[in-house]
Amino acid sequence: MDNGMITGAEALMRALQAEQVKTIFGYPGGAIMPVYDALYRYTRPGNAVFKHVLVRHEQGAVHAAEGYARVSGNVGVSIVTSGPGATNTITGVADAMMDSTPVVVIAGQVSISALGTDAFQEVDLVGVSQPISKWSYQIRSAEDVAWAVSRAFFIARTGRPGPVVLDFPKNAQVGLCKWNPAKVDKVAGYIPYPKLDQTAVEEAAKLINSSKRPLALVGQGVELGNAQDELQTFLEKANIPAGRTMLGLSALPSDHPLNMGMLGMHGSYATNMKTQECDLIIAIGMRFSDRVTGHPSGYAPQAKVIHLDIDFAEIDKNVKTDVAIVADCKESLPALTALIDKADHKEWIDSFEPLRQREREKVVLPAIHPAGGPLLMGEVVNAVAEATKGDAILVTDVGQNQLFGCRYFQFPKRRSIVTSGGLGTMGFGLPAAAGASFGAPDRTVVVFMGDGGFQMSIQELGTIMEQKLPVKMILLNNNYLGNVRQWQDMFWEGRRSFTHMMNPRYMDIARGYGIGYGLAINRDELRSYVEEMLTTPGPYLLECAVREEDNVLPMTSPGKRVDEMKLSI
């Protein structure tokens, strides 16, 4: 009965249910057993409240929660045990913090009475996670559960989203309390949605209306704010060309006429070059990462800068702003659109085309339609993109597979890119793809991985096997840590220090997990294998033997300006 006494573990179940949680990614252990015992009753077939997904490593639990959150727009949830179970989540928490992903990690802990005694599997999780999370809190009694969970979800999902960590000692799990539902909708000192400054909007509109060569930089904040429609209306009214950050790739459809391509170190040649020619930058929900700006002192010195962001901390952090609009972009974009003039900017937009054509001839066509030799990563990505007809969600690991994937996949639909941007976490791809398949069960999920990143989380094939997830896995196998090898060749006089890899027989591994497998070596068999992969029910691993020395181009070398981008090496 709701008015009776219940355990803290039962209170957690009810609190998660109140937050409309449907899927939990987790791994049980000693200090979280009371929670898992309560969870047992909430996951029985025929009357299940939650779907619990047993991962094979706690880091995978958080990455899966991230993948789920990115494509669904909901908060991802992970439950793990104390000690190593908790510390194994730290990489995922840091990744979620860097990429503004809303996840809640609930970790078991030794009882309060044992804290500070170096008890078995004790670790100061709050102390460890506090610098890399939006909020980290220890639930010390059963009575605090409902409040703490409600507060955690409120903080994780509002404003600039991010990870929250709840440390749950065993005494609070087994302790008794009355069930008193809590609804936290404000936190002292926390302003998730700053009030829109109309004066700043007016100043920004004046700059836009007087600009001859404006350029919008579109980040993930547009998708986090569900402001894709508002973005298009804004861009189309003033005919403003736009570049996208890696995490913002699906915020503006790939085929939109104002989309000029990806920004950054391996982005589009025209977009980067024109950054140094524009007279106005309009940054929307992006943070001016060093991978976007190149050498900061040489970044767009000729341009005024308008920065739209929900987070005060991002203003003037990396690039000096002339006008800052700190608010939810779903509110700030319409306010700005109302004040800007209809414009043409045709001559400015047309000036991108010769540069785009130059990149297409020197880089794109040789990458996706090579004349001969081994398979190239770009052509594999392009083949999958064409076969999925723009409907798929792209998940990547980190490295060359990520860069080729982001460059040559297509994003006509929203929330279609899941990758580790800020932290650059190898091993992210496989568990994130598993999570994404739960977050968007009606869409095809494809994940590109290198042989290095794949082996960092290869155990999550067990999760995919057990859950029968229809994840389509493409392994770009070049027998190298490819991105590091490329940098060694370019900047370290070709000294390939420990980047060559001896790999296992992936066919045997796939068959051991009961997962469909194909090996593409020759160009003429690639598309038939892609078709087989996409039409095979359930999971499938397509290993592609790609050129060992394939390089990602264009590239802005570290420490260089964005207009010093190379089209060849």
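## Strand β9 and its neighbours

In what sense do strand β9 and strand β10 (residues 242-244) pair, and over how many bridges? The two run in the parallel sense, with 3 bridges between them. Before going further, please keep in mind that this is a predicted model. Within the β9 and β10 pairing, L217 sits opposite G243 of β10. On another pairing, β9 meets strand β12 (residues 280-284), again in the parallel sense, and here there are 5 bridges. If you want a residue to start from, take A216, whose bridge partner in β12 is I282.

How much of β9 is buried? Strand β9 covers residues 214-218, and 5 of its 5 residues are buried, so the strand is largely enclosed by the rest of the structure. Its side chains point in two directions: P214, A216 and V218 go one way, while L215 and L217 go the other way, and all are buried.

## The sheet around β9

Strand β9 belongs to an open sheet of 6 strands, and the order is β11-β10-β9-β12-β13-β14, with parallel pairing. At the edges you will find β11 (259-262) and β14 (323-326), each of which pairs on one side only. From one strand to the next, the twist averages 15 degrees.

Towards the β14 edge, strand β13 (residues 304-309) is joined to β14 by 4 bridges, and the two run parallel. In this pairing I306 stands opposite V323 of β14. Helix α14 (residues 329-339) packs on the sheet and touches β12, β13 and β14. The direction of α14 makes about 135 degrees with that of β13.

## A second open sheet

Another open sheet also has 6 strands, here in the order β16-β15-β17-β18-β20-β19, and its pairing is parallel. Why do β16 (417-418) and β19 (516-520) each have one side without a neighbour in the sheet? Both stand at the edges with a single partner strand each, so one side of each is left free of a neighbour in the sheet. Further in, strand β17 (residues 445-450) and strand β18 (residues 471-477) pair in the parallel sense over 6 bridges. There, V446 stands opposite K472 in β18.

Which helix lies across β15 (393-396), β16, β17 and β18? That is helix α19 (residues 429-439), which runs at about 175 degrees to β17. In α19, 11 of the 11 residues are buried, so the helix is largely enclosed by the rest of the structure. The buried residues of α19 include G429, L430, P431, A432, F438 and G439.

## Nonpolar cores

In soluble globular proteins, nonpolar side chains tend to be buried together. Here the largest nonpolar core has 97 residues, and those with the most contacts inside it are F234, I281, L336, F409, F448 and C544. Helix α17 (residues 377-388) supplies the largest share of this core, at 6 residues. A second, separate core contains 46 residues, among them V53, A86, F428 and F454.

For a closer look at the largest core, try C544, one of its residues with the most contacts. Leaving aside residues up to four places away in sequence, C544 touches L375, V380, I474, L475, L476, N477, A520 and L526.

## Aromatic rings and charges

The model has 14 aromatic pairs. One of them joins Y42 and F50: the ring centres are 5.8 Å apart and the planes are at 25 degrees, so this pair is stacked. Both partners are buried, Y42 with a relative accessible area of 11% and F50 with a relative accessible area of 3%. W135 and Y137 form another stacked pair, at 5.0 Å centre to centre with 20 degrees between the planes. W135 counts as buried at 14% relative accessibility, whereas Y137 is partly exposed at 21%. Elsewhere, ring pairs link F25, Y68 and F438 into a cluster, and F438 is also among the buried residues of α19.

Two arginines lie over ring faces. R151 is placed over the face of W135, 4.4 Å from the ring centre. R44 lies over the face of Y40, at 3.9 Å from the ring centre.

Terms used:
Residues are numbered from 1 along each chain as its sequence is written. This is a predicted model: local features need pLDDT of at least 70, side-chain atom pairs count only at pLDDT 80 or more; totals for chains, interfaces and linings use all residues. Side-chain values use heavy atoms; hydrogens and water are left out. A nonpolar core is a set of buried Ala, Val, Leu, Ile, Met, Phe, Trp, Tyr and Cys residues joined through side-chain atoms within 4.5 Å. Buried means under 20% relative accessible area, exposed over 50%, partly exposed in between (1.4 Å probe, protein chains only). Contact means heavy atoms within 4.5 Å. Two strands pair if DSSP finds at least two bridges between them. Rings of Phe, Tyr and Trp (its six-membered ring) pair if their centres lie within 6.5 Å; planes under 30 degrees apart count as stacked, over 60 as edge-to-face and the rest as tilted. A charge sits over a ring if NZ of Lys or CZ of Arg is within 6 Å of the ring centre and within 35 degrees of the ring normal. Axes are lines fitted to C-alpha atoms, for helices over the stretch in contact, and angles run from 0 to 180 degrees between N-to-C directions.
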